Amino acid sequence: MDLSYKTTKEMGSNLTWIRTGGEVEVFRPDSILELKSFVKSGVDYFPLGMGSNTIIKDTNLDKVILKLDNLYKEIELEYPYIIVGSGVPNFTVSRFCIQNFLGGLEFLHTIPGSIGGGVFMNAGAYGSCFSDNLEWVEVMDIFGSVSKLYKKEIKFSYRKCHVPKTFIFLRACFKVFKDEKIKEKVDGYVVSRNLTQPRFLTLGSTFKNPEGKKAWELIDQAGCRGFAIGGAKMSEKHCNFIVNTGGATSGDIVKLINSVQSFVFSKTGILLDREIVLL
Ligand SMILES: Cc1cc2nc3c(=O)[nH]c(=O)nc-3n(C[C@H](O)[C@H](O)[C@H](O)COP(=O)(O)OP(=O)(O)OC[C@H]3O[C@@H](n4cnc5c(N)ncnc54)[C@H](O)[C@@H]3O)c2cc1C
């Protein structure tokens, strides 16, 4: 097998929702065979979805970013299941469900990531999360072997899927059901999200909610709403969201996260656990 692979140089700021990060090497396989060969070459890689939960460092990233947007672009409907490639944006899946009157995945309309990122983060909203309707995921391991893991074989918890970091999700299958009211539900979610959260140049929740508490309330109590370092700021609209007010670097964001974590700890004795991924 030919173990060579061709990467491109891209700016991390073009690969992440918050638009920070320096130059990185990116590999976009066009086939499973190409992906297999890449993985088997032994290179250190990081699968990246839409970068809506990840910041990429400003310099010297020592991993190749793996983007799967060229694989499995079609959504397959085999009622009551849909099978989706991991690089497909949540929004596209949600639109497909609306067009086909399929319920069960409406929560993902307002989460601006990909299916692979959603499974890895066990992302969720409005009382539902990715693992709820998941049937199986197809994964490639570090040796290039592809296998199907059923939900019961994977441990999921709040915003976490407990699999080795080297696993690459290729496709996921979800159970859906007929729902004539799907569009109304989604429209309701969109309205409430736009009212309460910044939608662009952000990363979503910076910290996980500690058991029985809301991270944003603790951040507010610690006086960190609106607190800024460089171009990175704790949003006034939703103070658990960091926003890039223009010209932020990933370094600014990391400093801001560390400062807020220590302010909250000093004020409340609670050490907030980061939700966003630092690369
Ligand atoms: C405005 C806004 C609102 C948000 N609202 C919510 C919300 O309501 N609920 C919520 O849970 N999150 C929310 N988020 C956070 C984020 O959108 C989710 O965590 C999302 O699921 C991340 O998907 P992604 O494709 O962007 O992942 P990325 O940020 O690209 O990656 C996240 C992690 O997933 C891994 N990963 C990605 N693809 C794969 C793959 N194919 N195989 C293996 N690992 C992979 C990456 O390696 C990384 O560790 C929000 C973010 C923003 C910006």
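This report describes the surroundings of the ligand and a set of individual residues in a predicted model.

## The ligand and its shell

The ligand is surrounded by 36 residues, and the closest of these are P47, G49, S52, S114 and G124. Two of these residues also appear in polar pairings through their backbones: a backbone N or O atom of P47 lies 2.6 Å from an oxygen atom of the ligand, and a polar backbone atom of G49 is 2.7 Å from an oxygen atom of the ligand. A side chain takes part as well, since a polar side-chain atom of S86 lies 3.4 Å from a nitrogen atom of the ligand. On its own the ligand has 960 Å² of accessible area, and the protein covers 97% of that area.

The elements that give two or more residues to this shell are β3 (45–48), α3 (115–121), β9 (124–125), β15 (168–175) and β17 (202–205). Of the elements, α3 gives the most, with five residues. Sorted by class, the shell around the ligand holds 18 nonpolar and 15 polar residues, together with three charged residues.

## Polar and charged side chains that are buried

K67 is found in strand β5, which covers residues 64–67, and because its relative accessibility is 8%, K67 counts as buried. A polar atom of the K67 side chain lies 2.5 Å from the backbone oxygen of G49, and G49 is itself among the residues closest to the ligand. Leaving aside neighbours within four places in sequence, K67 is in contact with L15, V26, F27, R28, P29, L48, G49 and M50.

E10 is found in strand β1, residues 8–11, and its relative accessibility of 19% falls under the 20% limit, so E10 counts as buried. The side chain of E10 makes a polar contact of 2.9 Å with the side chain of T8. With neighbours within four places in sequence again left aside, E10 is in contact with L15, G22, E23, V24, V26 and R28.

N244 is found in strand β20, residues 241–244, and counts as buried because its relative accessibility is 9%. Polar atoms of the N244 side chain lie 3.0 Å from the backbone oxygen of I18 and 2.8 Å from the backbone nitrogen of G246. Not counting residues up to four places away in sequence, N244 touches I18, R19, T20, L201 and G231. As for a distant position, N244 and D30 are 214 residues apart in sequence, and their C-alpha atoms are 33 Å apart in space.

The polar pairings of these three side chains are listed together below.

| Side chain | Partner | Distance |
|---|---|---|
| K67 | G49, backbone oxygen | 2.5 Å |
| E10 | T8, side chain | 2.9 Å |
| N244 | I18, backbone oxygen | 3.0 Å |
| N244 | G246, backbone nitrogen | 2.8 Å |

## Cysteines

With a disulfide taken as a pair of cysteine sulfur atoms within 2.5 Å, the count comes to zero disulfides. C173 is in no disulfide, and the nearest cysteine sulfur to it, that of C97, is 12 Å away. C173 is buried, because its relative accessible area is 3%. C224 is likewise in no disulfide, the nearest cysteine sulfur being that of C239 at 8.3 Å, and C224 is buried because its relative accessible area is 1%.

## Backbone features in loops

A cis peptide bond joins Y79 and P80, with omega at about 5°. P80 has its place in the loop between β6 (76–78) and β7 (81–85).

Two residues other than glycine have a positive phi value, Y126 with phi near 50° and R159 with phi near 55°. Y126 is found in the loop between β9 and β10 (128–129), and at 33% relative accessibility Y126 counts as partly exposed, because this value lies between the limits of 20% and 50%. R159 has its place in the loop between β13 (155–157) and β14 (160–162), and R159 counts as buried because its relative accessibility is 18%.

Definitions and conventions
Residues numbered from 1 in each chain as written. Predicted model: local features only at pLDDT ≥ 70, side-chain atom pairs only at ≥ 80, totals over all residues. Heavy atoms only, no water. Near = heavy atom within 4 Å. Polar contact = N/O pair within 3.5 Å; in protein donor to acceptor, adjacent residues only side chain to side chain. Areas by Shrake-Rupley, 256 points an atom, 1.4 Å probe, with all protein chains shown as cover. Helix = DSSP H or I, 4+ residues; strand = E, 2+ residues; numbered from the N terminus. Nonpolar A, V, L, I, M, F, W, Y, C, P; charged D, E, K, R; others polar. Buried < 20%, exposed > 50% of the residue type's maximum accessible area, 1.4 Å probe, protein only. Contact = heavy atoms within 4.5 Å.
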